[in-house]
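Here is a short report on charged side chains and one threonine. Please keep the sequence and the model at hand while reading.

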Amino acid sequence: MKKRKHIFLEDNAKVGRLERKIKKYNRYKSHSDKTPEEDFRLQEKLAMLSVVASNFMMTGHSPTMVLTKREEGDEVMMPVGGGQKDRAREIICKADFRKLYRGGKGRKTDPLMIVTAICMYVMRQDNPRRGDIRYSNDFIRNVGVTKDIYQHISQKLDARQNS
């Protein structure tokens, strides 16, 4: 049997090995140690956001510039609407869903439910008297958002914004 020679690794190979080990370690970190940014579920939540946004017909990204008549009588370009989806995305990226709404005895938590409540919160910030978001809406009822759940999540979001 031929004796194997010991081959020393080059520096690049050593660095590569260490990087892979660190990456692997970070991937298998416990869920409580992960920050919301490095949570792989974030991609799922953002995908849910686009589903909810299309259901609610939320305004997309940047506000659109529209010719608006002012009181003086002249027309001027002013931003109208917009940014709802971006604001919802920002909240979803920064918020820890476990702190927003905790499941307990008889309470089921579903990320889609929380994303829907966040979207409702963002739309109601723009127009507090918005009447077309009813809890009897088929989509909202199927997702499981009730008035109590929405109130709970919106209070947490308000507290988070004020701090």
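Helices here are DSSP runs of H or I with at least four residues, and they are numbered from the N terminus. The model is a predicted one.

**Overall build**

The protein has 163 residues, and 28% of them are buried. Its secondary structure amounts to seven helices and two strands. Read from the N terminus, the order is α-α-β-β-α-α-α-α-α. Consider contacts between residues at least 6 apart in sequence: 59% of these join residues at least 24 apart. The accessible surface is about 12,200 Å². Carbon and sulfur atoms account for 52% of that surface.

**Salt bridges**

Side chains of opposite charge can pair when their charged atoms come close. How many salt bridges does a search of the whole structure find? It finds three. The cut-off is a side-chain nitrogen of Lys or Arg within 4 Å of a carboxyl oxygen of Asp or Glu. The table gives the pairs.

| Pair | N to O distance | Citation |
|---|---|---|
| R89 and D86 | 3.6 Å | salt bridge |
| E90 and K94 | 4.0 Å | salt bridge |
| D138 and R141 | 2.7 Å | salt bridge |

Take helix 3 to begin with. This helix covers residues 84-94, and both R89 and D86 lie in it. They are three residues apart, about one turn of the helix. R89 is partly exposed, at a relative accessible area of 28%. D86 is partly exposed too, at 32%.

E90 and K94 also belong to helix 3. Because they are four residues apart there, about one helical turn separates them. Their side chains meet at 4.0 Å, N to O. E90 has 47% relative accessibility and counts as partly exposed.

Now helix 6, residues 138-143. D138 and R141 are three residues apart in this helix, so about one helical turn lies between them. Their side chains meet at 2.7 Å, N to O.

Is R141 buried or exposed? R141 counts as exposed, at 51% relative accessibility, because exposed means over 50%. D138, at 49%, is partly exposed, because that class runs from 20% to 50%.

**A charge over a ring**

Aromatic pairs are absent: a search of the whole structure finds zero. One ring does have a charged partner. The charged end of R124 sits over the ring of Y150. The distance to the ring centre is 4.9 Å.

**T116 in helix 5**

Where is T116 placed? T116 is in helix 5, which spans residues 111-126. Its relative accessible area is 0%, so T116 is buried.

Which residues does T116 touch, leaving out those up to four places away in sequence? They are V52, F56, F139, V143 and V145. Two of these, F139 and V143, fall within residues 138-143, the span of helix 6.

The side chain of T116 also has a polar atom 2.7 Å from a backbone oxygen. That oxygen belongs to L112.

**In brief**

Three salt bridges are found. R89 and D86 pair within helix 3, and D138 and R141 are about one helical turn apart in helix 6. T116 is buried and touches V52 and F56, among others.

Definitions and conventions:
Residues are numbered from 1 along each chain as its sequence is written. This is a predicted model: local features need pLDDT of at least 70, side-chain atom pairs count only at pLDDT 80 or more; totals for chains, interfaces and linings use all residues. Side-chain values use heavy atoms; hydrogens and water are left out. Rings of Phe, Tyr and Trp (its six-membered ring) pair if their centres lie within 6.5 Å; planes under 30 degrees apart count as stacked, over 60 as edge-to-face and the rest as tilted. A charge sits over a ring if NZ of Lys or CZ of Arg is within 6 Å of the ring centre and within 35 degrees of the ring normal. Buried means under 20% relative accessible area, exposed over 50%, partly exposed in between (1.4 Å probe, protein chains only). Contact means heavy atoms within 4.5 Å. Accessible areas come from the Shrake-Rupley method with a 1.4 Å probe; for residues, only the protein chains shown count as cover. A polar contact is a pair of N or O atoms within 3.5 Å; within protein, one must be able to donate a hydrogen and the other to accept it, and residues adjacent in sequence count only if both atoms are side-chain atoms.
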